[in-house]
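User: I have a few questions about the terms used for this model. Please set each value against its cut-off.

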Amino acid sequence: MKIADWTLHTPDERFHVFVEILTDTGVTGWGSAYSEKGQVVGALGWLKRFVVGESPLEIERVTENLHQITFWLGRGGAMTHAISAINLALWDAAGKVLQQPVHVMLGGRRERSVPVYGSVLFRPVATLPQRIHAMLQRGFRAIKLGWDPFCRGSLQDDEKLVQAARDAVGRAVTLLVDAGGSDPDWKLRFKDALERARMLHDYGVGWFEEPLAPDDMEGYQRLTDLSPVKIAHGEVLTRRQSFLPYFSRRAMDIAQPDATKVGGLSEMRRIAWMAEEHGIELVPHGWNTAVGLAADVHLVSTLPNRSYVEFNVGNPLVEDVLTTPFQLNAEG
């Protein structure tokens, strides 16, 4: 069996490219890349010659070859995002050929279902209580709120926002907070982040995500050491090699690689293994598509320590593109 061709689907104006790999026996596999459309389409055009004609069952060899040939061509950026889509599509195609779910090919699931948190932005703040209520009605037992205006103003303003969120979700629901430190020209510094971490602890927040600029490794190390709440980070990092320095310095409590950016499911699995060896939890970043979420569910079901997957509530590329939508069970 050989890969005969592929088709690109770009349903979003800028981000998220779907790749449908076609084999010479008619089996197809679907992948997804999170990147600016022009960049990832260009990267896929260059990579195609190294994929067409290969076996879709030789996932690791084909994917690692793509990583190796991009040393000179922007490895870690749009090239790696594009490799993510190819890798995810290969896992999908291989599962169909072998008539096995991907979690079996990953080594076997430990759980029949995985915990999920509903993920939305703070804005528009005026509608936040209603949006939280709607998520609770759907059955979410954990909710993450993120980005502007949190960490863009005073500590007092941030506390009012978190207090309102805690009042809306109640005490029985897990509350998570994302600062969005990958925003350009991030202003929050170490001591500002530590102040907010202490405040979040007072409201029982489960983790504090991206409180510092992504490259502030020393800051993340110090903050992880001193914060009373867990520190989560890593959604913009690509390739396992980018995570290793953070792991070796224990510069995060929770690693958040994105399957549609980091290099696909194969790279996510290797990052999960490294995280486990360093005592770091893995919670995939899932602000992408239904393909990325499906990959996250399969991977997380195989992990030795029960973890979350992220569900981007209201995203049509997660909620509207499947013939059989994802469902929450009674435990969320």
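Analyst: One definition first. Helices are DSSP runs of H or I with at least four residues, strands are E runs of at least two, and both are numbered from the N terminus. On that numbering, Pro149 falls in the loop between strand 5 (142–146) and helix 6 (155–169). The model is predicted.

User: What makes the bond between Asp148 and Pro149 stand out?

Analyst: It is a cis peptide bond, with omega at about 10°. Most peptide bonds are trans. A second cis bond joins Arg123 and Pro124, with omega about -5°. Pro124 sits in the loop between strand 4 and helix 5.

User: What is notable about the phi of Trp147?

Analyst: The phi of Trp147 is near 70°, which is positive in a residue other than glycine. Most residues other than glycine have a negative phi. Trp147 belongs to the loop between strand 5 and helix 6. Asp185 also has a positive phi, about 55°, and is not a glycine. Asp185 is placed in the loop between strand 6 and helix 7 (190–202).

User: Why is Trp147 called partly exposed, and why is Asp185 called exposed?

Analyst: Buried means under 20% relative accessible area, and exposed means over 50%. Trp147 has 24%, so it falls in between and counts as partly exposed. Asp185 has 64%, so it passes the upper cut-off and counts as exposed.

User: And where does Pro129 fall, at a relative accessible area of 46%?

Analyst: Its 46% lies between the two cut-offs, so Pro129 is partly exposed. Pro129 is part of helix 5 (residues 128–138). Its C-alpha atom is 8.9 Å from that of Asp167, and the two residues are 38 apart along the chain.

User: What makes strand 10 and strand 11 edge strands?

Analyst: The open sheet has 8 strands in the order 10-9-8-7-6-5-4-11, with parallel pairing. Strand 10 (281–282) and strand 11 each have a single partner strand, so one side of each lacks a neighbour in the sheet.

User: How do you know that strand 4 and strand 11 pair?

Analyst: Two strands pair if DSSP finds at least two bridges between them. Strand 4 (residues 116–121) and strand 11 run parallel and are joined by 4 bridges, so the condition is met. Val116 stands opposite Val309 in strand 11. Strand 6 (residues 174–178) and strand 7 (residues 205–209) have 3 bridges, also parallel, so they pair too. There, Asp178 stands opposite Glu209 in strand 7.

User: Why are both faces of strand 11 called covered?

Analyst: Val309 and Phe311 on one side are buried, and so are Glu310 and Asn312 on the other.

User: What makes a set of residues a nonpolar core, and which members of the largest one touch the most others?

Analyst: The members must be buried nonpolar residues joined through side-chain atoms within 4.5 Å. The largest core has 92 residues, and Ile86, Leu145, Phe150, Phe208 and Phe247 touch the most other members. Helix 3 (residues 78–98) gives the most to this core, with 10 residues. Beyond four places in sequence, Ile86 touches Trp6, Ile21, Leu44, Leu47, Val51 and Leu66. Another core, of 8 residues, lies apart; Tyr117, Trp207, Ala232 and Tyr308 are among them.

User: What makes a space a cavity and not a pocket, and how many cavities of 30 Å³ or more are there?

Analyst: In a cavity a 1.4 Å probe fits but cannot get out, whereas a pocket is open. The search finds 1 cavity of 30 Å³ or more. The largest cavity has a volume of about 50 Å³. Its lining has 1 nonpolar, 3 polar and 5 charged residues. Helix 2 supplies the largest share, 3 residues.

User: How do the two largest pockets divide by class?

Analyst: The largest pocket holds about 590 Å³ of space. Among its 28 lining residues, Val114, Val297, Phe326, Gln327 and Leu328 are the closest to the centre. The lining has 13 nonpolar, 7 polar and 8 charged residues. The second largest pocket holds about 460 Å³. Trp30, Asp92, Ala290, Val291 and Ala294 are the closest to its centre. Its lining has 15 nonpolar, 3 polar and 2 charged residues. Helix 11 gives the largest share to the first lining, 4 residues, and the most to the second, 6 residues.

Notes
Residues are numbered from 1 along each chain as its sequence is written. This is a predicted model: local features need pLDDT of at least 70, side-chain atom pairs count only at pLDDT 80 or more; totals for chains, interfaces and linings use all residues. Side-chain values use heavy atoms; hydrogens and water are left out. Buried means under 20% relative accessible area, exposed over 50%, partly exposed in between (1.4 Å probe, protein chains only). Contact means heavy atoms within 4.5 Å. On a 1 Å grid over the protein atoms alone, a cavity is a set of points where a 1.4 Å probe fits but cannot get out, and a pocket is an open set with protein on both sides within 12 Å along at least five of seven lines; lining residues have an atom within 4 Å of a point. Grid points are joined across faces, edges and corners, and a volume is the space filled by probe spheres set on the points. Ala, Val, Leu, Ile, Met, Phe, Trp, Tyr, Cys and Pro count as nonpolar, Asp, Glu, Lys and Arg as charged, and the others, Gly among them, as polar.
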